[in-house]
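Visitor: Could you take one residue as a starting point, describe its surroundings closely, and then lead from there through the rest of the model, keeping each step tied to what can be computed from the atoms?

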Amino acid sequence: MNVTRPICIAGPTGSGKTACALAAAELLPVEIISVDSALVYRGMDIGTAKPSAAELAQVPHHLIDIIDPLDVYSAAQFARDAQRLAAEILARGRLPLLVGGTMLYFKALFDGLSSLPQADEALRADIDARAARAGWPALHAELAALDPATAARLAPNDSQRIQRALEVCLLTGRPMSELHRESRSAGVDWPLLSLEPRDRGWLHQRLAQRFRQMLADGLLDEVKALRARGDLNPELPSMRCVGYRQVWEALDSGDRSTLEERGIAATRQLAKRQLTWLRSMPRRQLIACDDPQAQPALLAAMQRLLR
């Protein structure tokens with residue numbers, strides 16, 4: 001086996017990435033680097049479909065359970081951590097296998113990172129206070145005047161990204177879209193195997209079944225326990241994760257009658273966004289995840305990359 005660089009496995013939620021990675025671990029000396037913005041949080045296990053304790057023990061995993069739900073973990077932090085971990089794994093003579101569905105993380109790896117200012121908590125608090133008074137669509141309109149290119153790709157209620165774009169504009173006096181084009185660090189040239197369904201209905205059926213199973217496994221109680229801490233709120237990135245947001249809203253309203261329907265719909269929307277991201281990545285090698293031979297096909301592709 002000629003291990004000279006990591007291999008990436010991406011795909012929408014529910015496409016079987018974890019199962020494929022564990023199958024690879026039975027044949028190859030791999031260590032898995034999670035590429036998932038939800039798996040980084042401790043105490044969020046059911047709604048993130050976190051690998052079980054047995055699965056985590058089967059093969060070394062990295063970037064899982066590394067921060068508290070109160071904290072924030074950025075794509076820039078991920079890119080730095082993933083490249084450091086990959087180098088350490090390669091030095092051990094093992095294969096770094098980057099597995100996940102957070103496409104912004106993959107983009108940060110492949111395209112490199114621009115030099116943007118660090119977060120300013122005081123300014124963020126001021127932006128949040130103005131949003132509380134006027135609403136995020138009003139701040140989106142403000143962003144459109146300062147940085148039309150960035151505003152055009154953001155939804156009017158995308159609070160996290162509107163906040164960051166305004167923060168950058170106000171700190172630097174320049175549009176974030178302009179700064180993104182300048183002084184980017186080098187990206188990585190790592191192969192990407194992409195698990196995508198030929199039949200979208202196959203994926204939708206799996207997503208519906210999985211969300212129902214999460215509810216049966218105690219997702220409501222998991223979110224109740226997170227709420228009971230008293231220091232979390234629905235605007236945090238952790239609580240905006242698909243599934244957690246819908247359960248939080250149901251607990252706020254006291255109406256759970258549409259929770260299953262809304263959770264499944266949100267999961268489908270997430271998968272659609274992930275597939276759109278993947279189609280924009282020309283480096284990807286497509287593996288049909290709804291083919292009964294998906295795992296053998298992916299393992300064969302990995303073997304070819306290691307020759």
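**From one leucine outward**

Guide: Once neighbours within four places in sequence are set aside, Leu 90 is in contact with Val 3, Thr 4, Arg 5, Pro 6 and Pro 96. All of this should be read with the caution that the model is predicted. Leu 90 belongs to helix α3, a helix that covers residues 75-91. Its relative accessible area is 27%, and since a residue counts as buried only under 20% and as exposed only over 50%, Leu 90 is therefore classed as partly exposed. A view across the fold comes from pairing Leu 90 with Leu 259: the two lie 169 residues apart in sequence, and their C-alpha atoms are 44 Å apart in space.

Leu 259 leads on to a pocket, as helix α13 covers residues 259-279. The second largest pocket encloses about 170 Å³ of space, and its lining consists of Lys 107, Phe 110, Asp 111, Thr 276, Trp 277, Ser 280, Met 281, Pro 282 and Arg 283. Two elements, α4 (103-111) and α13, each give two or more residues to that lining, and it is α4 that gives the most, with three. By residue class, the lining of this pocket divides into four nonpolar, two polar and three charged residues.

Returning to α3, the loop that joins β3 (61-62) to this helix holds Asp 65. The backbone of Asp 65 deserves a careful look, as its phi is near 60°, a positive value in a residue that is not glycine. With a relative accessible area of 32%, Asp 65 is partly exposed. Asp 65 is also one of the residues touched by Asp 45, whose other contacts, not counting residues up to four places away in sequence, are Lys 50, Glu 222 and Tyr 244.

Asp 45 itself sits in the loop between β2 and α2 and is partly exposed, at a relative accessible area of 37%. Its contact with Glu 222 spans a long stretch of chain: 177 residues separate the two in sequence, while their C-alpha atoms are separated by 8.1 Å. The loop between β2 (30-35) and α2 (53-58) also holds Ala 49, which has a positive phi of about 55° although it is not a glycine. Ala 49 counts as partly exposed, at 31% relative accessibility.

Two further helices show opposite kinds of surface exposure. Is the residue to consider in α9, Leu 179, buried or exposed? Leu 179, placed in helix α9 (residues 176-180), is buried, with a relative accessible area of 8%. Leu 179 and Arg 94 lie 85 residues apart along the sequence, and the distance between their C-alpha atoms is 37 Å. Ala 152, by contrast, is exposed, with a relative accessible area of 68%, and its place is in helix α7 (residues 148-152). The partner chosen for Ala 152 is His 140, 12 residues away along the chain, with 9.4 Å between the two C-alpha atoms.

These local views can now be set within the whole protein, which has 14 helices and six strands. Why can its overall dimensions be said to agree with those of a compact globule? A compact globule of 307 residues would have a radius of gyration near 19 Å, and the protein has 20 Å, so the two values agree. Taken along the principal axes, the C-alpha atoms fill a box of roughly 60 × 50 × 35 Å. Of the 307 residues, 47% are buried, and the protein exposes about 14,500 Å², of which carbon and sulfur atoms supply 50%. Among contacts between residues at least 6 apart in sequence, 77% join residues at least 24 apart, and the contact between Asp 45 and Glu 222, with its 177 residues of separation along the chain, gives one example of such a pairing.

Terms used: Residues numbered from 1 in each chain as written. Predicted model: local features only at pLDDT ≥ 70, side-chain atom pairs only at ≥ 80, totals over all residues. Heavy atoms only, no water. 1 Å grid on protein atoms, 1.4 Å probe; cavity = no way out; pocket = protein on both sides within 12 Å on 5 of 7 lines; lining within 4 Å. Points joined across faces, edges and corners; volume = space filled by probe spheres on them. Helix = DSSP H or I, 4+ residues; strand = E, 2+ residues; numbered from the N terminus. Nonpolar A, V, L, I, M, F, W, Y, C, P; charged D, E, K, R; others polar. Rg over C-alpha atoms; globule rule 2.2 N^0.38 Å. Buried < 20%, exposed > 50% of the residue type's maximum accessible area, 1.4 Å probe, protein only. Contact = heavy atoms within 4.5 Å. Areas by Shrake-Rupley, 256 points an atom, 1.4 Å probe, with all protein chains shown as cover.
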